[in-house]
Amino acid sequence: MTGSEEIDVQVDEPPACGVCGQPTLLRIGFPSAWDNARGQEARGRREAPVCPRCERGVPAAENLLALFAVDG
């Protein structure tokens, strides 16, 4: 894997939620690809904070939220 293909997780001082402004549990950085306006693949990185309020009920986040609820 190159540096741009790695997934990283930040649990120490993750950013506030961009939707509700509350503290998030963690931030996940991951590779991402999309087609640009010319139809060419563009590659980059995305970051997703996991908010216990806004992500409730989202299947992809439920297991992480459950882990933090149990393990603190």
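**Stop 1: the sheet**

Start by colouring the strands of this predicted model. You'll see an open sheet of three strands in the order 1-2-3, and the pairing is antiparallel. Select residues 8–10 for strand 1 and 41–50 for strand 3: these are the edge strands, and each pairs on one side only. Look at how the strands cross, too: neighbouring strands of this sheet are turned by 30 degrees against each other on average, ignoring direction.

Now zoom in on strand 1 and strand 2, which covers residues 26–35. How many bridges join strand 1 to strand 2? There are three, and the two strands run antiparallel. To see one of the partners, pick aspartate 8 and then glycine 29 in strand 2: they are bridge partners.

**Stop 2: arginine 27**

Stay in strand 2 and select arginine 27. Buried or exposed? Arginine 27 counts as buried, because its relative accessibility is 10% and the cut-off for buried is under 20%. Show its side chain together with that of aspartate 8, and you'll find a polar contact of 2.8 Å joining the two. So aspartate 8 turns up here again, as well as being the bridge partner of glycine 29.

Next, light up what surrounds arginine 27. Leaving aside neighbours within four places in sequence, arginine 27 is in contact with Asp8, Val9, Gln10, Pro14, Pro15, Glu47, Ala48 and Pro49.

**Stop 3: the loop between strand 1 and strand 2**

Two residues are worth a click here. Glutamate 13 lies in the loop between strand 1 and strand 2. Its phi is near 55 degrees, a positive value in a residue other than glycine. Glutamate 13 counts as exposed, with 68% relative accessibility.

Threonine 24 belongs to the loop between strand 1 and strand 2 as well, but this residue is buried, at a relative accessible area of 8%. Show its side chain and look for the backbone oxygen of proline 15: the side chain of threonine 24 reaches that oxygen at 2.5 Å. Not counting residues up to four places away in sequence, threonine 24 touches Pro14, Pro15, Ala16, Cys17, Pro49, Val50, Cys51 and Pro52.

**Stop 4: the cysteines**

Select the cysteines and show their sulfurs. A disulfide is a covalent bond between the sulfur atoms of two cysteines. How many disulfides does a search of the whole structure find? Zero. Cysteine 17 is in no disulfide, and its nearest cysteine sulfur, on cysteine 54, is 3.7 Å away. Cysteine 54 is in no disulfide either; for this residue the nearest cysteine sulfur belongs to cysteine 20, 3.7 Å away. Why don't these pairs count? Because a disulfide needs the sulfur atoms within 2.5 Å.

Check the surface while you're here: cysteine 17 is buried, with a relative accessible area of 9%, whereas cysteine 54 is partly exposed at 28%.

**Stop 5: zoom out**

Finally, show the whole chain as a cartoon. You should find one helix and three strands, running β-β-β-α from the N terminus on. The radius of gyration is 14 Å, well over the 11 Å that the globule rule gives for 72 residues, so the chain is more spread out than a compact globule. Rotate the C-alpha trace and you'll see a span of about 45 × 25 × 20 Å along its principal axes.

Colour by burial, and buried residues make up 18% of the 72 in the chain. As for contacts with a separation of 6 or more, 31% are between residues 24 or more positions apart.

Technical notes:
Residues are numbered from 1 along each chain as its sequence is written. This is a predicted model: local features need pLDDT of at least 70, side-chain atom pairs count only at pLDDT 80 or more; totals for chains, interfaces and linings use all residues. Side-chain values use heavy atoms; hydrogens and water are left out. Two strands pair if DSSP finds at least two bridges between them. Helices (H or I, at least four residues) and strands (E, at least two) are DSSP runs, numbered from the N terminus. Axes are lines fitted to C-alpha atoms, for helices over the stretch in contact, and angles run from 0 to 180 degrees between N-to-C directions. Buried means under 20% relative accessible area, exposed over 50%, partly exposed in between (1.4 Å probe, protein chains only). A polar contact is a pair of N or O atoms within 3.5 Å; within protein, one must be able to donate a hydrogen and the other to accept it, and residues adjacent in sequence count only if both atoms are side-chain atoms. Contact means heavy atoms within 4.5 Å. The radius of gyration is taken over C-alpha atoms; the globule rule is 2.2 Å times the number of residues to the power 0.38.
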